[in-house]
Amino acid sequence: MMPDYHIGTLDQASMEILKNCTPPEEGSGEIFLQPRVWKKAELCEKRSVSRDTRLFTFKLEHDNQILGLPTGQHLMLKLKDPSSGNESIIRSYTPISEMNRRGTLELLVKIYSDTPTSKGGKMTTALDKLPLGSTVEFKGPIGNLTYLGKGRVLLNEKERHIKSFRMICGGSGITPIFQVLRTVMQDPQDPTSCVVLDGNRLEEDILCRAELDAFAAAGGPKCTIVHTLTKPSSSWTGRRGRISEQLLKEYASPGEGSLALICGPETMEKSVKRILLALGWDESDIVFF
């Protein structure tokens, strides 16, 4: 039967071209992240930015590749658990690198080390011990919020138009907040106003401080940044204490077209939600990263 379907034979020159043809490079697509496939990236740099926080830089599959993460979304990171054989650790993170950056991505991660009374974070301690040149895997994007720009938000697959963000965070919870804030502030045509309440323990714990303060200095009424510390030094002139009812009443009272974005330790998130609801916020206007 098969000879009946024979339509010709390649000449010698064509056979040589086929033989020497290089297959497409794996990962040669312009976008790195895939929602259903784990993609490999190499740890190429690690830098300490505070006593317990590191900036990890990962090399994507090729230099011209973009991450492909919409503003407001997260990615999942997977690496082998060094303490338990073949098991893997998976956690969600929000990069702080620019959305249009090519070839690499940056993660700002607070390291939770073991103490005499408690076990440290499994992922963060493993990540901190990872040698340069190691391979990890990423997948995404994930998340129920995407900021489309100029006040347009896609929340739970429904588009909304907002006038202001009330951003409330603690510690490394600044990373998803920072991603949305930067997108707003880098667009002079975006009229959305932003208030950031950033709670930390010590002054040195304030992550992305230079960038946050620069946004506030350049943004005028469009951007307000409020730092509050629970263990301030005697020279600290900012707010003191936790993110309290008084602070939220002062800076995050509900308003028409406002959306509250919250990210931080679980106890902080629960407290903030309770206070916001008591202040009159609708639960549909409160988003947790």
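These exercises work through a predicted model of one protein chain.

**Exercise 1. The chain as a whole**

Describe the chain: how many helices and strands does it have, and what are its spans along the principal axes?

Solution.
- Step 1. Start with secondary structure. The chain has six helices and 15 strands.
- Step 2. Turn to the spans. The C-alpha trace covers about 85 × 50 × 35 Å along its principal axes.
- Step 3. Look at burial. Of the 289 residues, 45% are buried.
- Step 4. Look at the surface. About 15900 Å² is exposed, and carbon and sulfur atoms supply 51% of that area.
- Step 5. Check how contacts run along the sequence. Take contacts between residues at least 6 apart; 69% of them join residues at least 24 apart.

**Exercise 2. Charges**

Find how many positive and negative side chains the chain has, and how far apart the centres of the two sets lie.

Solution.
- Step 1. Count each set. There are 37 positive side chains and 36 negative ones.
- Step 2. Compare the centres. They lie 6 Å apart.

**Exercise 3. The surroundings of Lys39**

Decide whether Lys39 is buried or exposed, and find which side chain joins its own in a polar contact.

Solution.
- Step 1. Place the residue. Lys39 belongs to strand S1, which covers residues 39–50.
- Step 2. Apply the cut-off. Buried means under 20% relative accessible area. Lys39 has 13% relative accessibility, so Lys39 counts as buried.
- Step 3. List the contacts, leaving aside neighbours within four places in sequence. Lys39 touches Phe32, Gln34, Glu61, Val136, Glu137 and Phe138.
- Step 4. Pick out the side-chain pair. The side chains of Lys39 and Glu61 form a polar contact of 3.2 Å.
- Step 5. Add a backbone partner. A polar atom of the Lys39 side chain lies 3.0 Å from the backbone oxygen of Phe32.

**Exercise 4. Cysteines and disulfides**

Work out how many disulfides the whole structure holds, and explain why Cys44 forms no bond to Cys208.

Solution.
- Step 1. Search the whole structure. The count of disulfides is zero.
- Step 2. Recall the cut-off. A disulfide needs two cysteine sulfur atoms within 2.5 Å.
- Step 3. Test Cys44. Its closest cysteine sulfur is in Cys208, 18 Å away, so the distance is too far for a bond.
- Step 4. Test Cys169. The nearest cysteine sulfur belongs to Cys263 and is 7.7 Å away; Cys169 is in no disulfide.
- Step 5. Set their exposure side by side. Cys44 is partly exposed, at 33% relative accessible area, whereas Cys169 is buried, at 0%.

Notes: Residues are numbered from 1 along each chain as its sequence is written. This is a predicted model: local features need pLDDT of at least 70, side-chain atom pairs count only at pLDDT 80 or more; totals for chains, interfaces and linings use all residues. Side-chain values use heavy atoms; hydrogens and water are left out. Helices (H or I, at least four residues) and strands (E, at least two) are DSSP runs, numbered from the N terminus. Buried means under 20% relative accessible area, exposed over 50%, partly exposed in between (1.4 Å probe, protein chains only). A polar contact is a pair of N or O atoms within 3.5 Å; within protein, one must be able to donate a hydrogen and the other to accept it, and residues adjacent in sequence count only if both atoms are side-chain atoms. Contact means heavy atoms within 4.5 Å. Accessible areas come from the Shrake-Rupley method with a 1.4 Å probe; for residues, only the protein chains shown count as cover. Lys and Arg count as positive and Asp and Glu as negative; His and the chain ends are not counted. The place of a charge is taken as NZ of Lys, CZ of Arg, CG of Asp or CD of Glu.
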